[in-house]
Amino acid sequence: MKALIFYFIAALILSGCSSLENLKSTLETRLFQDSKDTYIVKSGDSIWSIALKNNLDPQKIILSNTLTKPYIIFPNQKLTLLNTSQNSVLPIPKKNITWHSPLKTAREPIQEGQYWLIYKEDLGRNVYAVGPGRVVIAGPDIPGYGNLVMISHPNGFISLYAHCKKINVEVGDIIKSGVEIAQVGSSEASSPMLKFQLRLNGAPVKTSKILFK
């Protein structure tokens, strides 16, 4: 990084930068643009899809960019992914929480990597909320997940239920643990399944750490 700064300053001086103030402003702009802590919004992006791609809590993106409801963003908009002091208002997560099973089945789910559980079940089987919370996505809003339900839970947790068929909830609904939220489907999947993930402050939780009732 020091070498990059030195090279950039030298190039600006040789190109005839008119003042130190201009130099400072241009350097700050260049470094900000090159930072991995920024994200340029693409067509079809949402706060939630960006959060999933970058393993961040969507609330942190909202706070860091002082966004207000309904959190509309535009293509080519630059978002900061930096953790600001404002994020300290987020609740401290509790540990060792026991969750309601997302599916009533005798079959063991398949682990996909460390962070996804795949339930291979019949089309139309009921899918249940693993805990109380608020529905933030209910539909095909994020490519690759099919009909997706995403629920924001207390203490920084988010649960995802992908490839659903029928969805029984709407965005903004406040629901209780164990409520029927959807049905097993095959939207954007090769066969009927429920793909489940739990996240804590944006980061995926290892399936081995999730406790179900």
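Biologist: Is Arg 125 buried, partly exposed or exposed in this model?

Modeller: In this predicted model, Arg 125 counts as partly exposed because its relative accessibility is 30%, and partly exposed covers the range between under 20% and over 50%. Glu 121, by contrast, is buried, with a relative accessible area of 6%.

Biologist: Which residue forms a salt bridge with Arg 125, and which residues are joined with that pair into one network?

Modeller: Glu 121 forms the salt bridge with Arg 125, their closest N and O atoms being 3.0 Å apart, and salt bridges that share partners join Arg 107, Glu 121 and Arg 125 into one network.

Biologist: How many salt bridges are there by this rule, and which parts does the pair of Glu 112 and Lys 195 tie together?

Modeller: The count comes to four salt bridges. In one of them, Glu 112 and Lys 195 bring their closest N and O atoms to 2.9 Å; Glu 112 lies in strand S4 and Lys 195 in strand S12, so the pair ties together parts that are 83 residues apart in sequence. Glu 112 is partly exposed at 37% relative accessibility, whereas Lys 195 is buried at 17%.

Biologist: How is empty space found, and what volume does the largest pocket have?

Modeller: Rolling a probe the size of a water molecule over the atoms shows where empty space is left. Here the largest pocket has a volume of about 450 Å³, and of the 24 residues that line the pocket, the closest to its centre are Trp 48, Gln 59, Arg 134, Val 136 and Ser 152. Helix H4 gives the largest share of the lining, three residues, and the lining residues divide into 14 nonpolar, six polar and four charged.

Terms used. Residues are numbered from 1 along each chain as its sequence is written. This is a predicted model: local features need pLDDT of at least 70, side-chain atom pairs count only at pLDDT 80 or more; totals for chains, interfaces and linings use all residues. Side-chain values use heavy atoms; hydrogens and water are left out. On a 1 Å grid over the protein atoms alone, a cavity is a set of points where a 1.4 Å probe fits but cannot get out, and a pocket is an open set with protein on both sides within 12 Å along at least five of seven lines; lining residues have an atom within 4 Å of a point. Grid points are joined across faces, edges and corners, and a volume is the space filled by probe spheres set on the points. Helices (H or I, at least four residues) and strands (E, at least two) are DSSP runs, numbered from the N terminus. Ala, Val, Leu, Ile, Met, Phe, Trp, Tyr, Cys and Pro count as nonpolar, Asp, Glu, Lys and Arg as charged, and the others, Gly among them, as polar. A salt bridge is a side-chain nitrogen of Lys or Arg within 4 Å of a carboxyl oxygen of Asp or Glu. Buried means under 20% relative accessible area, exposed over 50%, partly exposed in between (1.4 Å probe, protein chains only).
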